[in-house]
Amino acid sequence: EPEKRPEFTEIIEILKSLLDDLGVPVAQEIVQKVREEETEFVQRLTLIPTDDYVVAEFKKALTIDVGEGKEVESAQCMAMIGDSLWCAVAGKIHIWGAEKMNYIRSFTVSKEKIYSLLNIRSEVVWIGDAAGCIFVFSTEGKKLYTLREHSAAIRALAFVEIPVSGKTNKTVWSSDIDGNICIWKQDKKTKSKLKQSVKVNHCIGAMKQVGSMVAVGTDSPILLFDANTASLEMEWAGHTNLVNCILVRKSYIWSCSNDGIILIWEPTSTEPIVHALHGHSSRVYCMVEHDGYIWAGSFDKTISVWDPESFALLQELKGHTDGIRCLMSTPYNTVWSGSMEGDGSIGVWECKKSASDLAIRVTTRLSDS
């Protein structure tokens with residue numbers, strides 16, 4: 001019953017006691033300054049790696065030219081396009097060479113903020129904005145056409161490939177914050193046509209193909225739809241706020257949310273396979289896999305790096321002065337981080353060790369506890 005549930009401070013003490021029994025060092029940190037909307041995250045529990053494991057180090061900060069007299073805005077999303085990295089800030093795309101970290105050029109896409117980028121096989125790039133427009137560009141930056149089926153901000157785009165009758169059915173799923181999902185027939189030679197629409201009673205923040213299903217992250221459950229028929233097959237309950245990113249790593253699915261936690265799932269399970277990962281004191285906006293590690297960026301201005309086998313927190317990266325809104329892995333042994341308007345820079349992190357260097361891995365599944 002609700003009145004018998006332990007207080008948050010009691011839960012923290014129980015966790016500290018359990019971790020102490022297991023011999024895991026625990027540090028308690030009080031966040032001194034938080035934004036008004038983040039007052040629920042005033043205390044954090046940080047697991048400290050016992051061997052000071054260094055996955056990456058800060059290499060360089062890249063500045064974004066927003067124009068004279070204009071305020072710095074958040075980097076909302078990024079994508080690797082060939083050897084270039086595209087970063088969306090406000091309604092513009094800024095392009096850097098990923099290897100030499102050299103600025104190449106910028107171009108305007110929309111008068112509204114861009115919230116989503118999707119590179120489809122380095123053939124075309126889909127860009128979703130705050131007004132619900134989808135702009136389809138060539139990888140050279142030439143606008144091809146616009147799709148206007150949505151009327152609210154498009155936070156998530158997903159490319160879906162499903163084998164059907166000996167052929168591969170290719171579609172693009174787009175979703176907005178009002179709960180509308182549009183499924184488009186993808187053909188690089190012609191303008192995409194709307195194939196099907198689905199309505200859910202939730203705000204949508206993330207989408208990802210998971211085998212024969214599409215996982216849709218909402219402000220409550222993660223919904224799993226049949227990728228071919230778009231019928232709702234399953235729900236994953238665990239997050240209590242908007243899911244911002246879904247990542248597939250081998251047979252596991254990672255999700256992060258505005259509730260400040262990371263959850264890990266298996267496709268056939270309706271509950272997380274391990275206890276929630278608490279590596280941040282605030283909203284977790286983004287995740288990316290690089291060289292065998294999982295990176296997560298948060299509103300708390302830090303990036304956490306996790307071992308995907310043991311689910312252990314290996315390193316906490318600090319370098320930005322505002323939240324991390326997006327992350328992108330490059331083929332040049334770097335991970336790029338896009339920060340919010342209080343910072344406004346792009347961070348480049350040089351990776352030092354691959355996951356194969358990690359000697360000890362202890363899996364801590366719920367079934368093992």
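D322 counts as buried, with a relative accessibility of 2% (buried is under 20% relative accessible area, exposed is over 50%, and partly exposed is in between, with a 1.4 Å probe and protein chains only). D322 sits in the loop between strand 26 and strand 27 (324-329); helices (H or I, at least four residues) and strands (E, at least two) are DSSP runs, numbered from the N terminus. The C-alpha atoms of D322 and K301 are 5.0 Å apart, with their positions 21 residues apart along the chain. This is a predicted model, where local features need pLDDT of at least 70, side-chain atom pairs count only at pLDDT 80 or more, and totals for chains, interfaces and linings use all residues. Residues are numbered from 1 along each chain as its sequence is written, and side-chain values use heavy atoms, with hydrogens and water left out.

S138 is another buried residue, at 10% relative accessibility, and belongs to strand 10 (residues 134-138). Setting aside neighbours within four places in sequence, S138 touches W86, E123 and L144, where contact means heavy atoms within 4.5 Å.

On to the salt bridges. Side chains of opposite charge can pair when their charged atoms come close. The rule used here asks for a side-chain nitrogen of Lys or Arg within 4 Å of a carboxyl oxygen of Asp or Glu, and the count comes to eight salt bridges. One of them joins K352 and E57, with an N to O distance of 3.8 Å. That pair links distant parts of the chain, 295 residues apart: K352 is in the segment after strand 29 (346-351), while E57 is in strand 3 (residues 56-62). Both ends count as partly exposed, K352 at 43% relative accessibility and E57 at 42%.

E309 turns up in two of these pairings. With R249, the E309 side chain forms a salt bridge at 2.7 Å, N to O. Here, too, distant parts of the chain are linked, 60 residues apart, with E309 in the loop between strand 25 (302-306) and strand 26 (313-318) and R249 in strand 20 (residues 243-249). E309 also meets K250 in a salt bridge, this time at 3.5 Å, N to O. The E309 and K250 pair spans 59 residues, and K250 lies in the loop between strand 20 and strand 21 (252-257). Salt bridges with shared partners tie R249, K250, E289 and E309 into one network. Accessibility varies across its members: R249 is buried at 8%, E309 is partly exposed at 25%, and K250 is exposed at 66%.

Strand 20, which holds R249, is largely enclosed by the rest of the structure, because six of its seven residues are buried. Its pairing with strand 21 is antiparallel and runs over six bridges; two strands count as paired if DSSP finds at least two bridges between them. Within this pairing, I246 stands opposite S255 in strand 21. The hairpin of strand 20 and strand 21 has two residues between the strands, and K250 takes a positive phi near 55° there.

Elsewhere in the chain, four strands form an open sheet in the order 12-13-14-15, paired antiparallel. Strand 12 (154-164) and strand 15 (193-199) stand at the edges with a single partner strand each, so one side of each has no neighbour in the sheet. Neighbouring strands of this sheet are turned by 25° against each other on average, direction ignored (axes are lines fitted to C-alpha atoms, for helices over the stretch in contact, and angles run from 0 to 180 degrees between N-to-C directions). Strand 12 and strand 13 (residues 167-176) run antiparallel and are joined by 10 bridges. Across this sheet, V160 stands opposite T171 in strand 13.

Finally, the surface. I14, L15 and L18 make a nonpolar surface patch of about 260 Å². Patches take residues with over 30% relative accessible area and no salt bridge, joining like charges within 9 Å and nonpolar side chains (Val, Leu, Ile, Met, Phe, Trp, Tyr) within 5 Å. The areas come from the Shrake-Rupley method with a 1.4 Å probe, and for residues only the protein chains shown count as cover. I14 is placed in helix 1 (residues 8-22) and counts as partly exposed, at 48% relative accessibility.
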